[in-house]
Structure formats: C-alpha cells, structure tokens
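Ready for a few short exercises on charge pairs and surface exposure? Open the structure and work through each task before reading its solution.

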Amino acid sequence: MWTCKNLWKKFAPLARASSTLCLQNARGAVLNNERRLTLVPQAHMSSGAPGSGGDNNLYYLLIGATCVGGGFYAYRTIKEDKERYQERIDEIASRPNKVVPAQPITEAPGEQAAETPEEITPVTEDAPAETPEVTPIVEEVSPEVAAVEPEDPPATPEVEIAPEPVVEPAPEESVETPAAEPVVESEAAPVADSVSEEAVEQPSSPAPSESTPVAECLPAETVAPQTTTETESAAEPATVAPAEVPAPTPEFPSHAPYLLIGGGTASFAAARSIRARDPGARVLIITDEPDLPYMRPPLSKELWFSDDPSVVDTLRFKQWNGKERSIYFQPPSFYVSPQDLEKVENGGVAVLTGKKVVHMDVRGNKVTLSDNTEISYDKCLIATGGVPRNLQVIERAGEEVTKRTTLFRKVEDFKSLDKVSRDTKSITIIGGGFLGSELACALGRRSADSDLEVVQMFPEKGNMGKVLPEYLSNWTTAKVKSEGVKVITEALVKGVTYKDGRVEIKLKDGRVVKTDHIVAAVGLDPSVELAKSAGLEVDSDFGGFRVNAELQARSNIWVAGDAACFYDIRLGRRRVEHHDHAVVSGRLAGENMTGANKPYWHQSMFWSDLGPDVGYEAIGIVDSSLPTVGVFAKATAKDTPKAATEKSGTGIRSESETEGTASSPVASSTPEPPPVSQQKDDYGKGVIFYLRDKVVVGIILWNVFNRMPVARKIIKDGEEHADLNEVAKLFNIHED
C-alpha cells in the first residue's frame, strides 16, 4: 500500500501539469480568435508539451502501475493472514490444557510397552482408595490434543507413551480415542481415580478389582471394542432392572370423539342417533347421577301405581296395558366400560356416572370435571336438563324445613318420597302444574289404603290453571279431589317454619297448613352453569342456551332437551320441558353432530295422566291466557290412558312417533273397566284449540289418543279455520 502511495506522489504532478497545459492552450485559442473552441468528435489529452506526440502514454502507465500494485498488495495480505491463522491453530493445538501437576504413573519396560501398547490397563473406578498415585485430570479433550504428544514424560526412541489422563465429561463433542490408549470418562467423581502401580507394571495378569474399564458417560462409538476384556465383565457390578409395574388403567378415557354432557333422555337419543349414522363411533356420556340413562315420566306416573313392594329397588313397573318394563332405556350390558372405550374395535357408548362437568374450554375442545380431570372431545352435546325450582321462603326457613322438603326430579327423589309416604302422616304438595297434579293423584290413591293425608295447594283457581281453560281446570280439580286429595286453591305461601315437630305453612290470606313433609313442584330452571366458561348465550326470556335451527350453539357444540332454547319456524323462539322434545331434539342433535345439518322443525308433544282413567296429550303453545275453542263428546271405555297404551303397545305414548317402536295392538288380559263416570259438566273426551291471531298454535287432545299426527299437521299448516267443529271431526271424537 505504501508503494502505491509513493508512486502516486511521484507521477501525480506530471498528470496535473499536462491537464493544466491543455486547459491554458484552449483558453488562449478562444481569446486570440474571439470565438468558441470547435468541438471535435474525440478529445485527446496530451501528456507533454503541445506537438510532442506522446499523447496518453504516461497516463496509461500510471493507471496500469496502480492496478498491478493493488493486486499484488491484496494477494500478499491474504497469504500472510492465512499463514498467521494456520500458525495460531497449530499453536493452540500443541498447547497443554490446564494439566494439574501430579506424579506420573510408572511405565512398563520400553520394549514390551512398544510392542504391546494395546495391553495397557485403562484407569478404573474400582481402584483401591489407599493407592497414593493420582493421575492427571484433564478438563477438556479435543481430537487435536489426542494427537499431540505431551511434553513432560520422557519418550523412547521408537514409541512415545504418555501417562493416561482421566478425562472429565465433555458434552459438546465426542472424543475418539485409539484402541491402545482408551480414554475413560468419570460419571460423577470430581477427582481422578487411583490405580495401583502393579496394575500398570504387569498388564498380562491384572488384578480383578483393578482391571475393569469404566466408560459410563461415553457414547458407544467412542469406546473401542478392544478395551472390553473378560475381567471387565467379571468385575463389573450386576445391574438389576426394576420390575415392570403395569400402569394403572385410567378410570375414563382422556379423549372422546363424541362427548355428551348429561345422562337423560336427550343424551341417550343422541347417542343412538350417532351410532346409527356412524357405527364405529365412540360416545362418552357424563352424568352427575349414579344411574344409567333412564326415562323420567314413570317417576310421577306408573311407578306409584305398582303393586310390587320391591318397585323402589327394581324400578320396573306395569304399564296401563299390563306390560312390564324398566325405566332404564337399556340394560348395563348395552354399554361399554369407560376404561375400554378407546380399546373396543367397533366403538360403543360408555357412561361415566357420578361425575359433573364444571368447566368448558371451547377453544381447546376439552372439559374439566369436578375432580379437576380433563377430557378432550371432537364434538360435544350439552343436554344438562334442568334443576327443580324451590321457593325462597323454603330456602330461608332453615335446615329443619329444608331436610323435610323434596324437590322431585331424579330416581333418588322418587325413592325418598316413597319412603316418606310410608313413614309420615301428612304430605303437602306445593304446585298445581303437571308434576304437582300427577303426584297429588298418585299419593291420593295410595292414601286410600293408609292414614296418609295429601294436601295440594297452588295460586291458580284450579289444577293446571296455566294450561287448561278455566272450565276444564275446574273439572280437573274436582277429579283430583275425588282421588282423596285436599286441594287448596288461590294459595300464596308467605312463610314456612318448623314448630313442635311439624312444618307450618303460612299463606298470604292468613291460613295455616301443618304438615310433616313438603313436595315443591313449582317448575324447572334450565341448567346453564357451563354458559359462562363456554361463552354461550343464554336466552333472557325463556332461559336455556340459545341455539340455531340445527340446535348448534357454537362450532362443535350442540344443545338438546330442556336446556335448549330453539327457534320454532312456526311458533318462534321456544324452550320445551317434555319427554318427547328431549327424544326428538336429542336425536336431531346426534344426526347433526355426524354431519346431517338438518333443521329442527318437529312439533313436540307432551302428555299427562291423572291416573289410569284421565289423560291428555298436547302440542304447540298451550297457554290458558290464549283464546280457546273446545269441542267435546261423550267418553267411552276405550277413551282412557289405559286403553291408549293397549292400542299402541307402549306406556310412553310419544315413543310410537319418535322412536318407531310401536307394535301391533295387544289385547288386554284384564277385564275392561266400566265407562268413566259422568258429571254435570261432562268433559269425557274432546279437542281444545288454542288460537293466536285466529290461527291454531296449540292443541290439547283430552282423552283422545293416537291422533297426534293430525294435530301436528294443523299447526304446521298455520291456516285460519272458519269452523273448528269441522276441524275437530278429523280426530274422530264422535266415534263410539
């Protein structure tokens, strides 16, 4: 670089002088001729005086010399840097690495050691503790270090043998060691292992306790096979493998392709629908009840009329047609054990009882149970149903009143109330709806054979006053009284207390009713506890999870049964709390979970029986506040719930439509009952139409059975009818 600079200092003045001279000549020519210099196609720079003829030679010489000098300088610089780099690498490779001075191990005689270097005994961990010799400790080993001979130990003319160091673990790189000098790493000891002098001086007959090479931390490829000897395997302590303990089988699977929350009718209907469309599906039902899926209607109907004293245990009952069945949809053999759900070849339905889902992670597609365990899913159905509503005056009354109150909903509630009805003398039912009236008739009939007093009170003017028109409600109230029930109408509960071993119910008008036990049948609140964690919308008017026409609340989440607030294409937004709706909505949700994408258009029905002689079926919106038109006829012996079950072959009348299990009529083995006793205002059988804007939106078939498809079509058509008497003829109510 300095050479180029010096050359430039010498030749630069000549270049500047030549350029200056050219410029001065040009200016002089302009001044003498008083005109501009004529431009020529090519300009020539002279390197000397004008007319000298040596144009540009010096200029080219300067440029060429500069280029040659720069290239030579770059080549020499790169070459010198490379040589310095190589010298530095060699210096680092030959440098000893932090060797602690120690007494070297005595070598074997020169000739013998030179001839048999592979027999040098490697350092072992089993050397005696009393041996004073200590081998050097080397903290870092590289391939270059292994190839460089140490400086300190003396070397023989033929072969140079260095004392073997004990190398500590080097996790960054693997050390390849010649077979003659096996490098042994120590696993845990921070100091070098000792070795006796005799073991090195007599390699042909090593001591058993001092000859075992240890290479616990080295990879397999770094230890040469020649270092393994017979004495190594003999002296090495035996390693006992721990006994393999089989992992305990989990109580339930950690993942379910189809997860159904709730163990009621809707969940079971959905499970069957899923399996029908996907035969290999694995379905897991989670319920907080201890029982398998069962039907709830018999809990307030047929079970109370059974003559079998063990009905509480068997939960089997005789239908009105005399046939016997269980409240459970399927026996335990139908289901797969939750532990085996992931193993079964063709899938199945498993029920996880006694567990409650307390949290839903819809983004992670998993749920958390009450015991903090998690289960993931692909598709999920929420069919949590509802919880019985209680009166606030009872909740505030204290423990003594609370433990003497039954909120009727589950199997254990039936068992508890059955025991109470046999052990106490008085039961008061608060509520005049479907459940309250059914329980009142059932307990009233039982009171005929005992001293049990049954009282029913409600704020309406008659039984089922919110559903039936007033005249029919009054007739129903008279029917309930005839069953042995004391009915108190227009009763508003003001307070409840426990006094002198009995429960006192104070009414708003000052009346006081003393009883031993209370049954609160005042409605149902949909179970929507999961709405907050799942981010699901709850309807502010009807309650329940808001779903679309396909019963879907969110991606991969469906809702069915009592907890679903769905949109009815004919009647608008609704929420229904009946068995038939649970069956149909559960079945449709199961189909949509497998990709059917069907809308919910079904008009579900419900029914209620006031014993075996009086019953009704209803569909649509049946609200006593709507205008009604009733058409009645005289009842006959076949116009009873008992006769209806004989004709359909099933006690759950909705099953003939929703389940497709109706069989041919079965003749009754019992004699036909006499005709229903007539009263002054005879409402033996008939049809009640509920109107909204002159259009039929609800129908009750009073002691008229197996005509529900006709009623469903009338509501579906949504037409105005000038004469409903003509419409009533479609139900054949005038046939004997």
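**Exercise 1.** Which side chains meet in a salt bridge with R502, and where do the partners sit?

*Solution.* Start with the contact: R502 pairs with D516 in a salt bridge at 3.1 Å, N to O. The term means a side-chain nitrogen of Lys or Arg within 4 Å of a carboxyl oxygen of Asp or Glu. Next, place the partners: R502 lies in strand β17 (residues 502-507), while D516 is in the loop between β18 (512-515) and β19 (517-520). The pair links distant parts of the chain, 14 residues apart. Strands (E, at least two residues) and helices (H or I, at least four) are DSSP runs, numbered from the N terminus.

A word on the ground rules: this is a predicted model, where local features need pLDDT of at least 70, side-chain atom pairs count only at pLDDT 80 or more, and totals for chains, interfaces and linings use all residues. Residues are numbered from 1 along each chain as its sequence is written, and side-chain values use heavy atoms, leaving out hydrogens and water.

**Exercise 2.** Is R502 buried, partly exposed or exposed?

*Solution.* First, the cut-offs: buried is under 20% relative accessible area, exposed is over 50%, and partly exposed is in between (1.4 Å probe, protein chains only). R502 has 29% relative accessibility, so it counts as partly exposed.

**Exercise 3.** Classify E591 and K598, whose side chains meet in a salt bridge.

*Solution.* Their N to O distance is 3.2 Å. E591 is buried because its relative accessibility is 16%. K598, at 37%, is therefore partly exposed.

**Exercise 4.** Are D568 and R574 buried or exposed?

*Solution.* These two form a salt bridge, with the closest N and O atoms 3.3 Å apart. Both residues are buried.
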